[in-house]
Amino acid sequence: MAALGLALAALLVAPAQAAKRVALVIGNNDYKNVPKLQKAVNDARTMGETLKQLGFSVMVAENQTRQAFSETLLAFDHAVEPGDTAFFFYAGHGFEIAGQNFLLPIDVPAATEGQEELVRDASVLADRIIERLQNKKARTAILVFDACRNNPFERTGTRAVAGGGGLAPMTQLPEGVFSVFSAGPRQTALDRLSNSDNNPNSVFTRTFAKELLQPGENLVQVAQHTRRIVSEMAGTVSHKQIPVYFDQMVDDVFLNGIEKAQADAAKDTNKATNMDAGKPAEPQPQVAALSPAVVPRPPKEDSVNAPIAMFSRHNGGWSVVFSIADPSLGISWRMGNAGDFRETGFLDTLDPRTRKRMPNPSVELAADAPAATIEVRYVDVSGNLQGPFPIRFDPEAALIHDQRKILDMTATSWLSFREFNGLLVYYTHLMSYRCAIREVRIGIDTSVPDQVLKMPPCDMKDPSAIPHDAKPYLKLSPSNQFVSVELTYRDGSVSEIKSFRR
């Protein structure tokens, strides 16, 4: 039994040696030329302690000058190795210039209108941190910014640097990157809820650190729960602060243990085993510090030859298009893991790689098809059957992803003008793809969208249909010249602001 225990311990330790967890947390309070902050250093210390509990090797840096910031990032570079999980947390002043995010060292110079280059040259570009982690081949990169504060360059009687006190949305992240912002665009992150709030941490960090320690929650769940709690807390003092996250993860990432369903199953198995042996159930070990950071997947699904699928919704139901890297001589599929496989048939096209008819890569599903696993297999050029490979089908998630993609591709069609008994602006296009949208904001003759445009609720049964009682247009004054639009998508990410002229 002792030998077995040692063997199990070795198995648990081995993944941690193969791919470790490394974190850098930075807190800047003592700014010399822009307003000082009160809680950024405390936020960094709290996050450092939290990440240590999750098995990270943590570097904590405080009150960084530009040179010190560069040296700290270099040390972080040296600590990250291929396959690692890298976590970067920053609390301090952040600034957006022309869509790029800059993290401000404590010696950033004061600047006024037209001196944006001073800020750029003296600050750290957030995108560069992502590039560095990519170059180090980190498997997972998590970046958290508690830096959505007011413009630090504003001064009474002067004109401020053209930019934002918060940070711009990171909507074009590379694969394997997850980022979280303490507040949305043009929102100010709260340090405290009232003068009597003596919590040493900002409203965001106190919530996010606590959520990270919840067992069995993946990163998306952590971000979603944080967003809801922070929004509710800010609402108690009539403030709007909604954290946003941007997700380009391939896997579900669990920083504190495995998925709850798996943990419950393991607990039940342990209980049953001990009951059979006449022993009391043993307490489950804490797994917060154990790697791997990513929940294991079935080997076939991780295979480089595994097909992927694209789902698109139309009036008649779902079209599913399988993409297979290898040349194939035939494709078959089934819903679930039981029953017969169905052939997809062939197209009237020759595949130049095989010089044979190309297998039909698409199948149709009913509009009311429930969530399920689709199993796909194919015949390779050697005549060997590959698979089956599981592909998850979640109708709601697939619909949101499909409509979001369409909205991104057709941004020039979000609004249209028409003169009919006055000036009308139609938003039929947005209404047709509303299932991917949480909120639409518009601005009339202003580049800052400051009004919420009401949309009917999503109808999963007929998602593109516009209800008969919905009014898909606004009536404007003949003098109005343009309308700006900003979308907040269902995942919390925010679009660029688009302007439409009549």
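Okay, one definition before anything else: a residue counts as buried when its relative accessible area is under 20%. Keep that in mind, since a few residues today depend on it. And the usual caveat: what you have up there is a predicted model.

Quick overview, then. The protein has 502 residues, and 44% of them count as buried. Its secondary structure comes to 11 helices and 25 strands. If you take the contacts between residues at least 6 apart in sequence, 69% of them join residues at least 24 apart.

Let's use that definition straight away, on S332. You'll find S332 in strand 12, which covers residues 328-335. Its relative accessibility is 3%, and the cut-off is under 20%, so S332 counts as buried. What does its side chain make a polar contact with? With the side chain of R377, at 2.9 Å. If you skip the neighbours within four places in sequence, S332 is in contact with F341, R342 and E343, and also with E375, V376 and R377. So R377 turns up twice, once in that contact list and once as the polar partner.

Next one, S484. This serine is in strand 24, residues 482-489. Buried or exposed? Buried, because the relative accessibility of S484 is 0%. The partner to look at here is T446, which is 38 residues away along the chain. Even so, the C-alpha atoms of S484 and T446 are separated by 6.7 Å. The side chain of S484 reaches the backbone oxygen of T446 at 2.7 Å. As for the rest of the surroundings, leaving out neighbours within four places in sequence, S484 is in contact with R441, I442, G443, T446, S447, V448 and P449, plus I497, K498 and S499.

Third residue, N28. This asparagine is in the loop between strand 1 (21-27) and helix 2 (40-53). N28 has 0% relative accessibility, so it counts as buried. Its side chain reaches the backbone oxygen of L104 at 3.3 Å. Again setting aside neighbours within four places, the contacts of N28 include L37, A40, E62, N63, Q64 and F69. Further along the sequence, Y90, A91, G92, L104, P105 and I106 are in contact with N28 too.

Okay, on to sheets. I've picked two of them.

In the first, 3 strands form an open, antiparallel sheet in the order 10-11-16. Why is one side of strand 10 left without a neighbour in the sheet? Because strand 10 (308-314) stands at an edge with a single partner strand, and the story for strand 16 (362-366) is alike. From one strand to the next, the twist averages 25 degrees. Strand 10 and strand 11, residues 317-323, run antiparallel and are joined by 7 bridges. If you want a spot to zoom in on, S312 stands opposite S319 in strand 11. There's a helix on this sheet as well: helix 10, residues 395-409, packs there and touches strand 10 and strand 11. The direction of helix 10 makes about 80 degrees with that of strand 10.

The second sheet is also made of 3 strands, open and antiparallel, and its order is 19-20-23. Here strand 19 (416-419) and strand 23 (473-476) are at the edges, each with a single partner strand, so each has one side without a neighbour in the sheet. Ignoring direction, neighbouring strands of this sheet are turned by 30 degrees against each other on average. Between strand 19 and strand 20 (residues 423-426) there are 4 bridges. Among the pairs, S416 stands opposite Y426, and R418 has L424 as its bridge partner. Strand 19 and strand 20 form a hairpin with 3 residues between them. For anyone who likes backbone angles, N421 in that turn has a positive phi of about 55 degrees.

Last stop, a helix pair. Helix 6 (residues 203-212) and helix 7 (residues 219-235) pack at about 145 degrees, with their axes 9 Å apart. The crossing is right-handed. On the helix 6 side, the contact is made by V203, F204, R206, T207, F208, E211 and L212. Helix 7 brings V222, H225, T226, I229, V230 and M233. By class, that contact has 8 nonpolar, 3 polar and 2 charged residues.

That's my tour, thanks.

How values were computed: Residues numbered from 1 in each chain as written. Predicted model: local features only at pLDDT ≥ 70, side-chain atom pairs only at ≥ 80, totals over all residues. Heavy atoms only, no water. Pairing = 2+ DSSP bridges. Helix = DSSP H or I, 4+ residues; strand = E, 2+ residues; numbered from the N terminus. Axes fitted to C-alpha atoms, helices over the stretch in contact; angles between N-to-C directions. Contact = heavy atoms within 4.5 Å. Left-handed = near helix turned anticlockwise from the far one by under 90°. Nonpolar A, V, L, I, M, F, W, Y, C, P; charged D, E, K, R; others polar. Buried < 20%, exposed > 50% of the residue type's maximum accessible area, 1.4 Å probe, protein only. Polar contact = N/O pair within 3.5 Å; in protein donor to acceptor, adjacent residues only side chain to side chain.
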